[in-house]
Amino acid sequence: MEVIVCLLALVLSACEAQVFFQPEQVHLAYGAQPSYMVVTWVTLNHTNTPSYVEYGIDSLSWVVKNSGQKEFVDGGNETRSIFIHSVTMTHLKPGERYMYHVGGPLGWSDIFYFRTMPTNTDFSARFALYGDMGNENAVALSSLQELAQSGSIDAILHVGDFAYDMDTDNARYGDIFMNQIQPIAAYVPYMVCPGNHEAAYNFSNYRNRFTMPGGSGDSLFYSFNIGKAHVISFSTEVYYYYSYSKYGWLQIINQYKWLENDLRAANTPEARAQRPWIIVQGHKPMYCSNNDGPTEQCNNLKGNLLRYGIPSLHAFSIEDLFYKYGVDLQFYAHEHSYERLWPVYNMTVCNGTESAYDNPRAPVHVITGSAGNREGQTGFNPEPYPWSATHSDDYGYTLMTVVNATLIDLKQISIDKGGKVIDHMMITKEKSNPGFDCHLHHQRALL
Ligand SMILES: [Fe+2]
């Protein structure tokens with residue numbers, strides 16, 4: 001018996017001593033320039049070597065390395081560490097298909113590939129969008145993997161709430177999730193924003209695992225250009241988790257100032273003529289028709305912090321900011337369902353000229369939070385608000401094509417109905433800056 005116990009102890013100690021240098025959780029993001037692509041991955045132990053990417057068009061003939069790797073210590077009771085490697089490929093040729101793998105002397109990933117954006121802005125940019133996916137019941141996953149690997153989309157926008165939750169089991173759920181999306185995210189840029197399920201330890205799993213371009217420097221807010229669109233990603237959660245830091249209110253103000261500067265730059269006549277569409281993603285919606293209780297986002301419109309801004313002061317309102325700078329289209333999630341809204345500002349429907357979405361007089365909001373997750377779908381109020389055009393609690397995701405300077409095409413795909421398009425919308429506009437005039441034509445609603 002004593003011998004068996006000793007043997008068991010030996011095996012266990014050997015297991016503890018095991019080290020893992022194999023790259024995993026490989027994912028791409030757009031970089032600061034169209035000719036950049038950022039690839040980020042994880043090893044479970046420090047490699048004590050530089051982090052390499054070998055890449056090329058016909059062969060893995062080019063190499064770029066980063067000498068640093070970041071230790072990420074999870075906030076759980078194990079204070080478990082993983083090591084984050086991030087390398088930027090530069091001088092990429094436009095419109096080319098590249099192959100690549102990541103790692104170094106101690107181990108290489110599989111070979112993946114991606115396609116760079118064309119140089120000019122005259123191409124249709126294709127996205128898949130969704131929020132609230134999760135490790136368990138990630139219903140939309142296989143369909144999205146096929147889209148990414150078949151070259152049917154250019155990029156993903158994941159509108160917050162990833163693994164339910166990344167910090168669970170001392171951040172092992174984060175590892176599982178990032179490996180689960182590798183068959184998508186190693187092939188197309190996986191552009192993200194934080195949700196409430198990433199809030200643990202001041203969003204540390206989110207801030208460390210993703211490498212978005214510019215902005216806050218830790219992926220909380222940033223922007224990038226693609227085709228005829230300027231895409232902005234921001235954190236709705238700074239309005240809800242400001243108590244996480246003694247500088248909480250400052251986080252709201254910092255983000256707001258950055259958003260205003262970014263929107264101002266995107267609205268110079270030259271910039272807006274080149275990229276007429278401004279598209280935003282954030283996690284928690286301003287408007288929704290779900291029965292999520294009297295104090296949550298959908299049924300507490302007067303208290304909605306994104307609409308109202310800082311309580312009592314009515315300052316730093318995101319709704320007012322996006323209206324002022326002509327943000328055309330806003331994507332949110334959090335509610336586990338799909339909902340398309342009529343153009344809306346300040347609780348007032350402001351439809352366009354020929355039809356609702358022809359030259360809309362206010363931003364269009366879409367809630368797309370139905371990719372999966374273990375919490376199930378969210379029901380709707382029996383009588384939706386006047387700004388609700390349509391809704392569905394089918395599992396699914398959204399496909400968006402920024403077709404050209406005057407047309408955006410949106411489709412909602414239902415996984416429950418075998419990939420069927422259950423909603424189709426087209427937004428058209430004649431002017432690059434829509435110059436919303438909802439406040440002139442309609443009485444201002446009470447806040
Ligand atoms: Fe959420």
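A salt bridge here is a side-chain nitrogen of Lys or Arg within 4 Å of a carboxyl oxygen of Asp or Glu. Keep that in mind as we walk through this structure, which is a predicted model. Asp122 and Lys228 fit the rule, with their side chains 3.3 Å apart, N to O. These two come from distant parts of the chain, 106 residues apart: Asp122 sits in the loop between β9 (112-115) and β10 (125-130), while Lys228 sits in the loop between β13 (222-226) and β14 (229-233). Their surroundings differ too. Asp122 counts as exposed because its relative accessibility is 62%, whereas Lys228 has a relative accessible area of 12% and so is buried.

By the salt-bridge rule the count comes to 18, so let's pick out a few others. Arg80 pairs with Asp175, and their closest N and O atoms are 2.5 Å apart. Here a loop meets a helix: Arg80 is in the loop between β5 and β6, Asp175 is in helix α3, and 95 residues separate them along the chain. Both Arg80 and Asp175 are buried.

Next come Arg340 and Asp423, whose side chains meet in a salt bridge at 2.7 Å, N to O. Arg340 belongs to strand β17 and Asp423 to strand β24 (residues 420-428), so this pair ties together parts that are 83 residues apart in sequence. Arg340 is buried, at a relative accessible area of 10%, and Asp423 counts as buried at 8%. Elsewhere, salt bridges that share partners join Glu78, Asp169 and Arg172 into one network.

Now for the metal. Which residues hold the iron ion? Asp161 (OD), Asn196 (OD1), His283 (NE2) and His334 (ND1) coordinate the iron ion, at 2.0 to 2.1 Å. Along the chain, these donors follow the spacing D-x34-N-x86-H-x50-H. Take Asn196 and His334 as an example: Asn196 lies in the loop between β12 and α5, and His334 in the loop between β16 (329-332) and β17 (338-341), 138 residues apart. Both Asn196 and His334 are buried. Why is the arrangement around the iron ion called irregular? The four donor atoms subtend angles of 92 to 159°, and that spread makes it irregular.

Let's finish with helix α5, which spans residues 200-209. Its buried residues are Phe203, Ser204, Asn205, Tyr206, Asn208 and Arg209. And what covers the buried residues of α5? The cover includes the strands β1 (24-30), β2 (37-43), β5 (70-73), β6 (81-89) and β12 (190-192), along with helix α3 (168-180).

Notes. Residues are numbered from 1 along each chain as its sequence is written. This is a predicted model: local features need pLDDT of at least 70, side-chain atom pairs count only at pLDDT 80 or more; totals for chains, interfaces and linings use all residues. Side-chain values use heavy atoms; hydrogens and water are left out. Buried means under 20% relative accessible area, exposed over 50%, partly exposed in between (1.4 Å probe, protein chains only). Helices (H or I, at least four residues) and strands (E, at least two) are DSSP runs, numbered from the N terminus. Contact means heavy atoms within 4.5 Å. Donors are N, O and S atoms within 2.8 Å of the metal (3.2 Å for Na, K and Ca); water is not among the atoms, so sites may look incomplete. Four donors count as tetrahedral if all angles lie between 85 and 135 degrees; four count as square planar and six as octahedral if opposite donors are over 155 degrees apart and all others between 65 and 115; anything else is irregular.
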